[in-house]
Amino acid sequence: CLIVFAVALLCSVSVSRSSPVACEDLVRPLDRQDLGHLEGQWALVAGSLSHLPNLERFKQRDSAAVNFSRNHSDSNISYTRGIRVENGCMYATFNISFQGSSFTFDGTAQSNLSAHFVRTSCGDCTLMRMDLPLEKRTHLYLFSRRREVG
C-alpha cells in the first residue's frame, strides 16, 4: 500500500522540463545519487510512514526541510534536518555514506536500516526511502527545491 501511494504520488507529478519516467522505474533506487544535484536546501512536501507513532509525530510538524552539504568526498555528505513544531525548531545533523545506490547514516544504532534515493519524474525533487525490515517499518520522504510540487 505504501509503495502504491508513492508510485501514484510520483506518477501524478508533472514538471514541464522533466522527461517522463516509466512507473516501473519509480520504485527502483537510483543507480548512484548525484551529490552535486543533492546539495542545498530541500523542502519536505510529502511523507508516508508505516509506523503509527512516528506518523502521528510527523503529522504534528508545521514544516520541515533538509540541507545537504558535501565535505569534498565522492561518497559522503552532511544531512541537516530542520523541523518546525509548535513555534519551535528542532535540528539534527547526520553524515551519510553512500555505497552505490544505498546509503547509511554514520553513527546510528540502526544497523538494520536500509536507505536509498528513489527515481522521480520531477526534476527538482528527490525521494528518500528508509526501511527497517526487522521492525517492518518503511519511511518515504518526498523533497522538492520548491515548497510544492506541481
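Biologist: Which residues does M128 contact, leaving aside its neighbours within four places in sequence?

Modeller: In this predicted model, M128 is in contact with F68, Y79, F103, H116, F117, H139, L140, Y141 and F143. M128 is also among the residues that touch the most other members of the largest nonpolar core, together with L38, F68, I96, F98 and F103. That core has 24 residues. A second, separate core has seven residues, including V118, C122, C125 and L140.

Biologist: Why is the pair of F98 and F117 called stacked?

Modeller: Two values decide the matter. The ring centres are 6.1 Å apart, and the limit for a ring pair is 6.5 Å. The planes stand at 25 degrees; stacked requires under 30 degrees, so the pair of F98 and F117 is stacked. F98 lies in strand β4 (residues 88–99) and F117 in strand β6, so the pair ties together parts that are 19 residues apart in sequence. Both residues are buried. Ring pairs also join F98 and F117 with F68, Y79, F94 and F103 in a cluster.

Biologist: What makes the pair of F58 and Y141 tilted?

Modeller: Their centres are 6.1 Å apart, with 55 degrees between the planes. An angle of 55 degrees is neither under 30 degrees nor over 60 degrees, so the pair counts as tilted. F58 belongs to helix α3 and Y141 to strand β8, and the pair links these distant parts of the chain, 83 residues apart. F58 and Y141 are both buried. The structure holds eight aromatic pairs.

Biologist: What sits over the ring of F58?

Modeller: The charged end of R61 sits there, 4.0 Å from the ring centre. The distance part of the criterion is within 6 Å, and the value of 4.0 Å satisfies that part.

Biologist: How do you know that K59 and E56 form a salt bridge?

Modeller: The N to O distance between their side chains is 3.8 Å. The limit is 4 Å, so a pair at 3.8 Å is counted as a salt bridge. Both residues lie in helix α3 (residues 52–59), three residues apart, which is about one turn of the helix. K59 has 52% relative accessibility, and a value over 50% counts as exposed. E56, at 42%, falls between 20% and 50%, so E56 is partly exposed.

Biologist: Why is D124 called buried, when R146, the other member of its salt bridge, is called partly exposed?

Modeller: The relative accessible area of D124 is 7%, and buried means under 20%. R146 has 35%, which lies in the partly exposed range. The N to O distance in their salt bridge is 2.7 Å. The pair links distant parts of the chain, 22 residues apart: R146 is in the segment after β8 (137–144), and D124 is in the loop between β6 (114–118) and β7 (125–132).

Biologist: What makes β8 largely enclosed by the rest of the structure?

Modeller: Eight of the eight residues of β8 are buried, so the strand is largely enclosed. R137, H139, Y141 and F143 point one way, while T138, L140, L142 and S144 point the other way. R137 illustrates the reasoning: its relative accessibility is 15%, and the limit for buried is 20%. R137 also forms a salt bridge with E135, with the closest N and O atoms 2.6 Å apart.

Biologist: Which strands pair with β8?

Modeller: Strand β1 (residues 40–49) pairs with β8 in the antiparallel sense over six bridges, and S48 has L140 as its bridge partner. β7 and β8 also pair in the antiparallel sense, over eight bridges; here C125 has S144 as its partner.

Biologist: What makes the phi values of K136 and E86 worth noting?

Modeller: Most residues other than glycine have a negative phi. K136, in the loop between β7 and β8, has a positive phi near 55 degrees. E86, in the loop between β3 (76–85) and β4, has a positive phi near 45 degrees. The relative accessible area is 74% for K136 and 69% for E86; each value is over 50%, so both residues are exposed.

Definitions and conventions
Residues are numbered from 1 along each chain as its sequence is written. This is a predicted model: local features need pLDDT of at least 70, side-chain atom pairs count only at pLDDT 80 or more; totals for chains, interfaces and linings use all residues. Side-chain values use heavy atoms; hydrogens and water are left out. Helices (H or I, at least four residues) and strands (E, at least two) are DSSP runs, numbered from the N terminus. Buried means under 20% relative accessible area, exposed over 50%, partly exposed in between (1.4 Å probe, protein chains only). A nonpolar core is a set of buried Ala, Val, Leu, Ile, Met, Phe, Trp, Tyr and Cys residues joined through side-chain atoms within 4.5 Å. Contact means heavy atoms within 4.5 Å. Rings of Phe, Tyr and Trp (its six-membered ring) pair if their centres lie within 6.5 Å; planes under 30 degrees apart count as stacked, over 60 as edge-to-face and the rest as tilted. A charge sits over a ring if NZ of Lys or CZ of Arg is within 6 Å of the ring centre and within 35 degrees of the ring normal. Two strands pair if DSSP finds at least two bridges between them.
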